[in-house]
Amino acid sequence: MTEKNTIAVRDAAINDAILSGTAMEAFERYYADTIEMQENDATPTIGKDANRERETAFFGAITEFRGASLLETGIGENVTFSRWLYDYTHDEWGERRYHQVVVRTWRDGLVIAERFYYG
């Protein structure tokens, strides 16, 4: 299997995990210890421990989940893209319904950077 095929399979597994409510399991399996995750232009959160804490807090603050839809995906050289529609209520932010683009950068079969773009 080529590196591009491996990345495509792993990216699809992450997206499937998000849709099935098992995103943290995919995080443990497919993300590097040095992962950098960034929301729009905010300062990146660096390291698996810090991002695990951030992701757990985010999911824990969702009080009602109405749905997520994976609208499009793409793959390039060591990078994958996905466009999502999310609809949920968050404890701090209230009702949220928005499109988000996720860009994942890969090395050695693991996500080393993930950036979320949304308005």
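I'll start with one contact: the side chains of Thr 80 and Asp 11 are joined by a polar contact of 2.8 Å. Polar contact here means a pair of N or O atoms within 3.5 Å, where, within protein, one must be able to donate a hydrogen and the other to accept it, and residues adjacent in sequence count only if both atoms are side-chain atoms.

Before going on, this is a predicted model, in which local features need pLDDT of at least 70 and side-chain atom pairs count only at pLDDT 80 or more, while totals for chains, interfaces and linings use all residues. Residues are numbered from 1 along each chain as its sequence is written, and side-chain values use heavy atoms, with hydrogens and water left out.

Thr 80 sits in strand β4, residues 79-90; strands are DSSP runs of E, at least two residues, and helices are runs of H or I, at least four, numbered from the N terminus. How buried is Thr 80? Its relative accessible area is 1%; buried means under 20%, exposed over 50%, and partly exposed in between, with a 1.4 Å probe and protein chains only. Not counting residues up to four places away in sequence, Thr 80 touches several residues, including Ile 7, Val 102 and Trp 106, where contact means heavy atoms within 4.5 Å.

Next, helix α2, residues 23-30. Ala 23, Ala 26, Phe 27 and Tyr 30 are buried there. Down the axis of α2 these buried residues fall within an arc of 105°, so they line one face; the arc is taken from the directions from the helix axis to the C-beta atoms. Glu 25 and Arg 29, on the other side of α2, are exposed.
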